[in-house]
Amino acid sequence: MVELINIASTRWNQNEANWEAYGASKGGLISMTNTLAISLSKTPITVNAISPGWIQVNNYGSLSETDHSQHPSGRVGIPRDILNACLFLADTENDFINAANLVIDGGMTKKMIYE
């Protein structure tokens, strides 16, 4: 079994002014994920996407309490959160997960308000 995992962003579905190119490119990755999953359905290949929200890669300690508390999960994401999702999707035991877009954002896209 082969697992393709595309890394998109929550910006495929929510955006701000002047982010057209970035949002469109992430939307394109989601569309490509869906299409590839269908195109490769006769092969042992699954195709999924991960859409991270706010993932802080450095200076995590400099984030404010507001930064963390605004997330329904109570914290800003870290790279390990995305790694764990990749490992989950890459596990051959999960071969029934196909054409999925896994949003990993601490629940923020359901809230849609950043402070």
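The following paragraphs go through this predicted model, from its overall layout to its strand pairing and then its surface.

The chain contains four helices and three strands. Their order along the sequence is β-α-β-α-α-β-α, so that reading begins with a strand and ends with a helix. The C-alpha trace spans about 50 × 30 × 25 Å along its principal axes.

A good place to start in the 3D view is strand 1, residues 2–7. Strand 1 pairs with strand 2, residues 45–52, in the parallel sense, and six bridges join the two. To find the register, look at Leu 4: the bridge partner of Leu 4 in strand 2 is Val 47. In a regular strand, side chains alternate between the two faces of the sheet.

Between these two strands in the sequence pattern comes a helix. Helix 1 covers residues 20–39, and together with strand 1 and strand 2 it makes a right-handed β-α-β unit.

The contacts can be considered next. Among contacts in the chain with a separation of 6 or more, 64% are between residues 24 or more positions apart.

Burial and surface complete the description. The chain has 115 residues, of which 32% count as buried; here buried means under 20% relative accessible area. The chain exposes about 6,900 Å², and carbon and sulfur atoms supply 57% of that area. As for charge, the chain has 7 positive and 11 negative charges. The mean position of the positive charges and that of the negative charges are 3 Å apart.

Note on methods. Residues are numbered from 1 along each chain as its sequence is written. This is a predicted model: local features need pLDDT of at least 70, side-chain atom pairs count only at pLDDT 80 or more; totals for chains, interfaces and linings use all residues. Side-chain values use heavy atoms; hydrogens and water are left out. Buried means under 20% relative accessible area, exposed over 50%, partly exposed in between (1.4 Å probe, protein chains only). Contact means heavy atoms within 4.5 Å. Accessible areas come from the Shrake-Rupley method with a 1.4 Å probe; for residues, only the protein chains shown count as cover. Lys and Arg count as positive and Asp and Glu as negative; His and the chain ends are not counted. The place of a charge is taken as NZ of Lys, CZ of Arg, CG of Asp or CD of Glu. Two strands pair if DSSP finds at least two bridges between them. A crossover is right-handed if, with the strands pointing away from the viewer, the path from the first strand over the helix to the second runs clockwise.
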